[in-house]
Amino acid sequence: MTASITVRDNAESRAYEALIGDEVVGTLVYEHEGKRIVFSHTFVEPRHRGQGVGAELVKQAMEDLRSKGTKVTVLCDFAADFVAKHPEYVDVIDVDHPGLAHLD
C-alpha cells in the first residue's frame, strides 16, 4: 500500500471516496434501496491500482455501514471478491438480498 488512504462517504454523489491527501483516487458507488445500500461499482484511478486502494475503500465502507447498522447488497464484483476474502464482513450483508456476496 502507498501513502495513507482515508475514506469518506460523499452522500451527495452516493459514493464512498478513497483519498490520498486531497486527491480522490477511488470510488465505491452505491444506491439506497429502502433501508439498505447497494454497492454497484468500484473504480480506482489506473496509477493507483494494485496498491490496496480498492480493498481499503471497501473495508472502510463496510465498517462505516456496520457502525450505522445498515445492511448492504453487493452487485460489484470487486466488493464481492473482497467479502469472499474477508468473511468478517458477512454480518454487514443483507441476508435477503446478498447480491453477488456468498454468505456460506
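Which residue takes a positive phi in the hairpin of strand 2 and strand 3? Select Gly 21: its phi is near 65°, and the hairpin has two residues between the strands. Keep in mind as you click around that this is a predicted model.

**Stop 1: the sheet**

Now colour the strands. Five of them form an open sheet in the order 1-2-3-4-5, with mixed pairing. Strand 1 and strand 5 are the edge strands, each pairing on one side only. On average, neighbouring strands here are turned by 30° against each other, ignoring direction.

Walk across the sheet, starting at strand 1 (6-10). Strand 1 pairs with strand 2 in the antiparallel sense, over five bridges. To see where they face each other, select Asp 9, which stands opposite Tyr 16 in strand 2.

Before moving on, click Arg 14, in the loop between strand 1 and strand 2. Most residues other than glycine have a negative phi. Arg 14 goes the other way, with a positive phi near 55°. With a relative accessible area of 37%, Arg 14 is partly exposed.

Next comes the step from strand 2 to strand 3: these run antiparallel and are joined by six bridges. Select Ala 18 and you will find Gly 26 of strand 3 opposite.

Strand 3 then pairs with strand 4, again in the antiparallel sense, over eight bridges. Pick Leu 28 here; its bridge partner in strand 4 is Thr 42. The hairpin of strand 3 and strand 4 has two residues between the strands, and there Gly 34 takes a positive phi near 65°.

**Stop 2: two pairs of rings**

Show the aromatic side chains. How many aromatic pairs does the count come to? The count comes to two.

For one of them, select Tyr 16 and Tyr 30. Their ring centres are 5.5 Å apart and their planes meet at 50°, so this pair is tilted. Tyr 16 belongs to strand 2 (residues 15-20) and Tyr 30 to strand 3 (residues 23-33), so the pair ties together parts that are 14 residues apart in sequence. Are these two buried or exposed? Tyr 16 counts as buried at 3% relative accessibility, and Tyr 30 is buried too, at 2%.

For the other pair, go to Phe 82 and Tyr 89. Here the ring centres are 5.7 Å apart with planes at 40°, so this pair is also tilted. Both Phe 82 and Tyr 89 are buried.

**Stop 3: helix 1**

Select residues 53-68, and you have helix 1. Try the distance tool on its end C-alpha atoms: they are 23 Å apart. At 1.5 Å a residue, the 16 residues should span 22 Å, so the two values agree.

Which residues of helix 1 are buried? They are Val 53, Gly 54, Glu 56, Leu 57, Val 58, Ala 61, Met 62 and Leu 65. Now show what covers them: the cover includes strand 1, strand 2, strand 3, strand 4 (36-44), strand 5 (72-74) and helix 2 (77-85). Just after helix 1, click Gly 69, which takes a positive phi of about 75°.

**Stop 4: the core**

Time to look inside. The largest nonpolar core has 28 residues. Select Tyr 16, Phe 39, Met 62, Val 72 and Val 74, the ones that touch the most other members. Strand 2, strand 3, strand 4, helix 1, strand 5 and helix 2 each give two or more residues to this core. Which element gives the most? That is helix 1, with six residues.

Zoom in on Val 74. Leaving aside neighbours within four places in sequence, Val 74 is in contact with Phe 39, Ala 79, Ala 80, Ile 93, Pro 98, Gly 99, Leu 100 and Ala 101.

**Last stop: Gly 99**

Follow one of those contacts to Gly 99, in the segment after helix 2. Not counting residues up to four places away in sequence, Gly 99 touches Thr 73, Val 74 and Leu 75. Gly 99 is partly exposed, with a relative accessible area of 40%. To finish, draw a line from the C-alpha atom of Gly 99 to that of Val 24: the two residues are 75 apart along the chain, and the atoms are separated by 27 Å.

Terms used. Residues numbered from 1 in each chain as written. Predicted model: local features only at pLDDT ≥ 70, side-chain atom pairs only at ≥ 80, totals over all residues. Heavy atoms only, no water. Phe/Tyr/Trp six-rings, centres within 6.5 Å; stacked < 30°, edge-to-face > 60°. Helix = DSSP H or I, 4+ residues; strand = E, 2+ residues; numbered from the N terminus. Buried < 20%, exposed > 50% of the residue type's maximum accessible area, 1.4 Å probe, protein only. Expected span 1.5 Å × (residues − 1). Contact = heavy atoms within 4.5 Å. Pairing = 2+ DSSP bridges. Axes fitted to C-alpha atoms, helices over the stretch in contact; angles between N-to-C directions. Core = buried A, V, L, I, M, F, W, Y, C linked by side-chain atoms within 4.5 Å.
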